[in-house]
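Colleague: I have some questions about the labels used here. Please set each value against its cut-off.

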Amino acid sequence: MYRRLMLGISLLLMVSIAHADLKNTLANNASPYLAMHGGDPVHWQEWNEQAVAAARKENKLLFVSIGYFACHWCHVMQRESYQDAAIATKLNRDFIPIKVDRELNPALDSRLIEFVERTRGYSGWPLNVFITPQGHPLLGIVYLPAKDFDALLTELNTLWQQNPQQLADDARLANEELQVPRGRQETTLQKGLAEKARKALRNETLSRADSFAGGFGNQSKFPSVPQLEAMLDVYADEQDSQVGDFLRLTLDNMSRLGLNDLIGGGFFRYTVDPQWRVPHFEKMLYDNALLARLYLRASKVLNETRYLKTARETLDFMLTSLRSPQGGMYASLSAIDDKQVEGGFYLWQVETLQQLLTAKEWLAVEKAWQISGGPTTEDGYLPIALREPAEVAAELGISEAGLEKSLQSARKKMFQQRSQRNLPVDNKRLAGWNGMALSAFAQAAQQTGDKTYQSAAREIRDYIVNTLWEHEQVIRARDGRGQPIGQATLEDYAYVAQGLVDWARYTDKAGDFSLAMQVIEQAWSRFYTRQGWRLTESSLLAMTSTEVMLADGPIPSASAVLVQASLDVLQHTDNADLRKRVMLAVAAGQEMLLAEPYWFASHAREAFRF
């Protein structure tokens with residue numbers, strides 16, 4: 001009895017000592033998101049082999065919490081839960097707590113987003129997943145209030161202590177079911193694939209469309225760039241008036257209402273309402289690069305000069321607010337200002353505007369930009385252009401030109417004053433996102449002839465090539481000392497490749513096409529097999545299956561982007577092996593594409609080319 005008691009005490013001491021070795025490792029991290037958790041009482045670890053080994057040694061669940069610097073609810077959960085001493089004690093004692101910057105580990109983020117979506121029906125950030133020591137996701141949640149999160153930690157740990165093997169087996173079996181490949185792979189292209197894909201995409205996309213406000217869905221509204229780009233292709237081919245009307249409605253509302261910053265340019269990530277009026281205030285490089293490109297193309301396809309103006313304003317915002325003096329573009333601007341107010345950087349009080357503007361300017365702003373009635377949020381008004389200029393001008397008894405002059409003057413004053421406010425910046429310069437920015441500026445330079453955009457594109461191209469392309473591999477990002485951080489994925493290779501192809505199409509130089517081809521060949525070699533695509537070359541998760549096609553998300557599918565880039569470069573240089581791979585990849589996913597064209601809109605665009 002005594003020996004068993006002493007053995008038990010010894011084991012408890014060993015666990016205590018092992019756990020005491022863990023401490024918060026995130027202070028001064030190169031990721032601004034991880035660094036902001038460096039002062040939490042939670043013993044945060046980074047996602048690496050050592051953390052997984054600790055979970056296996058102690059037979060504890062990993063608590064993997066994923067977020068990003070600009071995320072509003074990530075800040076809220078940190079304040080409510082991760083800085084709470086009692087919750088931290090439970091996390092430190094009962095779990096191995098892991099913090100992940102989704103922008104440095106996009107493959108992990110994508111896999112766990114998929115797991116949570118398929119098990120809960122929704123997902124988002126902060127993304128919190130409990131994972132078994134064997135690497136199988138067990139339970140996923142998003143934001144929870146502190147009280148609910150605390151109760152979940154207690155309940156889940158109790159279940160794990162009672163029967164860890166049963167939970168581990170359940171997680172393994174569930175994940176094996178989730179990894180069953182979707183769709184039947186084909187090896188040859190169907191006859192009439194382009195027409196079938198175009199018809200299927202048009203019909204399903206319009207069936208999901210909001211005919212009242214534009215866009216898709218009846219709750220929050222996202223830009224849905226992949227679907228809108230594909231519908232522009234449909235309109236360009238068929239001049240379908242219903243498609244054209246939907247595109248104009250959507251593009252107009254996105255540019256003049258709450259998704260777009262009327263004062264400083266640039267788009268927010270999404271709006272919380274279906275009428276595009278109240279945004280979540282983070283601004284991401286990828287959204288703005290993709291939307292600038294979308295509006296550039298829309299100005300040509302729909303023959304609307306106002307879309308070119310929006311594209312220019314978005315590109316100019318990127319140059320003003322996201323450009324790094326060291327080359328490349330920063331990842332994002334926070335939703336939370338330096339006073340911890342969501343959207344505080346963008347919001348206005350009536351008294352402030354009345355003091356700042358002339359009476360004429362104030363009247364124009366009040367009527368044209370909805371600075372009246374109830375404020376956008378409890379912290380102030382966000383300027384949005386709900387009313388048509390002709391209507392406002394008529395009400396004020398002035399010409400539209402006079403109204404525009406007053407608004408431009410007011411905008412300049414508001415921008416200057418707003419520039420004195422402080423807004424935190426996530427200064428990571430990510431390979432894939434800079435590839436998107438390169439595409440946007442290269443296409444803008446080609447379409448407009450503007451030397452400013454040419455210079456910006458060259459600067460981004462040089463940053464990618466000189467800093468993030470090394471020994472025939474893409475580096476996801478580098479820290480302040482020049483050391484690689486994060487894990488380059490298919491996304492990085494695909495978007496860097498597309499950016500380099502767009503730059504080569506602008507310069508029309510053989511050397512630029514050759515460099516793009518090198519990146520493309522590496523991408524196919526690293527991430528594609530006859531079984532399908534993989535997001536990353538290595539993973540600590542047990543769920544590492546390949547996929548026949550990757551669906552679109554907020555950004556176009558990486559597999560579709562790589563196929564598109566490959567088709568583009570093959571127009572300028574021949575490569576029989578690459579051509580064969582492209583044909584096989586397109587053929588393999590035909591069944592999925594035709595069954596779910598909305599979710600594979602970017603792959604539909606490649607099918608249009610056959």
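Colleague: What makes Lys221 and Asp210 a salt bridge?

Modeller: Their side chains meet at 2.9 Å, N to O. A salt bridge needs a side-chain nitrogen of Lys or Arg within 4 Å of a carboxyl oxygen of Asp or Glu, so the pair qualifies. Bear in mind that this is a predicted model: local features need pLDDT of at least 70, side-chain atom pairs count only at pLDDT 80 or more, and totals for chains, interfaces and linings use all residues. Residues are numbered from 1 along each chain as its sequence is written, and side-chain values use heavy atoms, leaving out hydrogens and water.

Colleague: Where do Lys221 and Asp210 sit?

Modeller: Both are in the loop between helix 9 (193-208) and helix 10 (225-238), 11 residues apart. Helices are DSSP runs of H or I with at least four residues, strands are runs of E with at least two, and both are numbered from the N terminus. Lys221 and Asp210 are also buried, meaning under 20% relative accessible area (exposed is over 50%, partly exposed in between; 1.4 Å probe, protein chains only).

Colleague: What does the salt bridge of Arg605 and Asp233 tie together?

Modeller: The closest approach is 2.8 Å, N to O. Arg605 lies in helix 25 (residues 601-607) and Asp233 in helix 10, so the bridge joins parts 372 residues apart in sequence. Asp233 has 10% relative accessibility and therefore counts as buried. Shared partners put Glu229, Asp233, Arg293, Arg297 and Arg605 in one network of salt bridges.

Colleague: Is Glu395 buried, partly exposed or exposed?

Modeller: Partly exposed, because its relative accessible area is 44%. Glu395 bridges to Arg387, with the closest N and O atoms 2.4 Å apart. The whole count is 45 salt bridges.

Colleague: Why does Asp337 have no salt bridge?

Modeller: The nearest side chain of opposite charge, Lys339, is 5.6 Å away. The limit is 4 Å, so no bridge is assigned. Lys and Arg count as positive and Asp and Glu as negative, while His and the chain ends are not counted. Asp337 is nonetheless buried.

Colleague: What does the side chain of Asp337 reach?

Modeller: The backbone nitrogen of Lys339, at 2.8 Å. Asp337 is in the loop between strand 8 (332-333) and helix 14 (350-356). Beyond four places in sequence, Asp337 is in contact (heavy atoms within 4.5 Å) with Gly344, Phe345, Asn422, Leu423 and Pro424.

Colleague: How do you know whether Arg418 is buried or exposed?

Modeller: Its relative accessible area is 4%, so Arg418 is buried. Arg418 belongs to helix 17 (residues 400-418). Among its contacts beyond four places in sequence are Asp261, Phe345 and Trp348.

Colleague: Which residues have the most contacts inside the largest nonpolar core?

Modeller: Met254, Met318, Phe441 and Trp524, in a core of 180 residues. Such a core is a set of buried Ala, Val, Leu, Ile, Met, Phe, Trp, Tyr and Cys residues joined through side-chain atoms within 4.5 Å. A second, separate core has 19 residues, including Trp348 and Trp362. Trp524 touches Trp533, Leu562 and Arg581, among others beyond four places in sequence.

Colleague: How many disulfides does a search of the whole structure find?

Modeller: Zero. A disulfide requires two cysteine sulfur atoms within 2.5 Å. Cys71 is buried because its relative accessible area is 3%, and Cys74 is buried at 1%.

Colleague: What makes His471 stand out?

Modeller: His471 has a positive phi of about 50° although it is not a glycine. His471 is in the loop between strand 10 (469-470) and strand 11 (473-474). At a relative accessible area of 72%, His471 is exposed. Asp508 also has a positive phi, about 55°, and is not a glycine. Asp508 lies between helix 20 (490-507) and helix 21 (510-527), in the loop, and at 56% relative accessibility counts as exposed.

Colleague: Is the peptide bond from Trp125 to Pro126 cis or trans?

Modeller: Cis, with omega near 5°. Pro126 is found in the loop between helix 6 (106-120) and strand 3 (127-131).

Terms used. Polar contact = N/O pair within 3.5 Å; in protein donor to acceptor, adjacent residues only side chain to side chain.
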